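Trainee: I would like a close look at a single part of this model. Please take me through one place where two helices meet.

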Amino acid sequence: MPVAVLACFVAFLILAQQRQEDARATAEAGHLKSVAAPSSGDAACGALLGALPADLGGFQRTDTTAPAGFARWRADKAGDVEVRCGTERPAELTATAKLQIVNGVQWLQAVPQGAPAPDGGSYWTAVDHRPYVTLWVPDGAGTAAVQAASDAITAHLTAASSTWGADQRRPVPRASAVSMSTVSSSA
């Protein structure tokens, strides 16, 4: 009997280690690295990524090298914030799509083609500037990433109207203004 208990314990440890390695591999691959970004080499993407701060509400910038148009901020508490500039127009962007306005930028929450399903976070794509910019924000990360990206998008990307395909006369999507403010705490 003690040998069986020891064998079960060893098997449990091996499975736990494999799960940790799988979780690390998933985190390294990220949510946006696999998303197509045909305009990621655009000079405006370089300007945008360069304008984003090193600290996003406690998340520290860690990855800006590959692929093009990609940056990552890491925090132990909640996972990673990711930005991908130059992504494709979201398929969910329709005349009736519900948009949110953050610091003057219209955002659509939808899973980009080629991205993993949201697992404890959400995807945001800025749809009123070009090139398109997509963010992955983990649950519990707060609003700092969306606010900072909105400010950088307004400053460095060209404002553009939403396109609806062949019929350009469709109504503008509903947008709800979201007022986000940074909350600071003093120790």
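Mentor: Here is a walk through one helix pair, with a few loop residues afterwards. Keep in mind that the model is predicted.

Start with the whole chain. The protein chain has 3 helices and 11 strands. Read from the N terminus, the order of elements is α-α-β-β-β-β-β-β-β-β-β-α-β-β. Of the 187 residues, 39% are buried. Now take the contacts with a separation of 6 or more. Residues 24 or more positions apart account for 60% of them.

Next, the pair itself. Two packed helices are described by the angle between their axes and the distance between the axes. Our two are α2, residues 43–51, and α3, residues 144–156. Their axes come within 9 Å. They cross at roughly 140°. An angle over 145 degrees would count as roughly antiparallel. α2 and α3 are therefore oblique to each other. The crossing of α2 past α3 is right-handed.

Which residues of α2 and α3 meet? From α2 come Ala44, Ala47, Leu48 and Ala51. From α3 come Ala149, Ala152, Ile153 and His156. Sort the residues of this contact by character: 7 are nonpolar, 1 is polar and none is charged.

Stay with α3. This helix has 13 residues. From first C-alpha to last, α3 reaches 18 Å, close to the 18 Å expected at 1.5 Å a residue. Many names in α3 belong on a buried list: Ala144, Ala145, Val146, Gln147, Ala148, Ala149, Ser150, Ala152 and Ile153. Look back at the contact with α2: Ala149, Ala152 and Ile153 take part there, and these three are buried.

Now the loops. Alanine 68 lies between β2 (59–63) and β3 (70–75). Its relative accessible area is 41%, so alanine 68 is partly exposed. Leave aside neighbours within four places in sequence, and alanine 68 is in contact with Ser40 and Arg84. Glycine 86 is 18 residues from alanine 68 in sequence; C-alpha to C-alpha, the two are 8.9 Å apart.

Asparagine 103 sits in the loop between β5 (98–102) and β6 (105–108). Asparagine 103 has phi near 50°, a positive value in a residue other than glycine. With a relative accessible area of 31%, asparagine 103 is partly exposed.

Last, find proline 131 in the loop between β8 (129–130) and β9 (132–138). The peptide bond joining arginine 130 and proline 131 is cis, with omega about -5°.

Notes: Residues are numbered from 1 along each chain as its sequence is written. This is a predicted model: local features need pLDDT of at least 70, side-chain atom pairs count only at pLDDT 80 or more; totals for chains, interfaces and linings use all residues. Side-chain values use heavy atoms; hydrogens and water are left out. Axes are lines fitted to C-alpha atoms, for helices over the stretch in contact, and angles run from 0 to 180 degrees between N-to-C directions. Helices (H or I, at least four residues) and strands (E, at least two) are DSSP runs, numbered from the N terminus. Angles under 35 degrees count as roughly parallel, over 145 as roughly antiparallel, 65 to 115 as roughly perpendicular and the rest as oblique. A crossing is left-handed if the near helix is turned anticlockwise from the far one by less than a right angle, and right-handed if clockwise. Contact means heavy atoms within 4.5 Å. Ala, Val, Leu, Ile, Met, Phe, Trp, Tyr, Cys and Pro count as nonpolar, Asp, Glu, Lys and Arg as charged, and the others, Gly among them, as polar. The expected span of a helix is 1.5 Å times one less than its number of residues. Buried means under 20% relative accessible area, exposed over 50%, partly exposed in between (1.4 Å probe, protein chains only).
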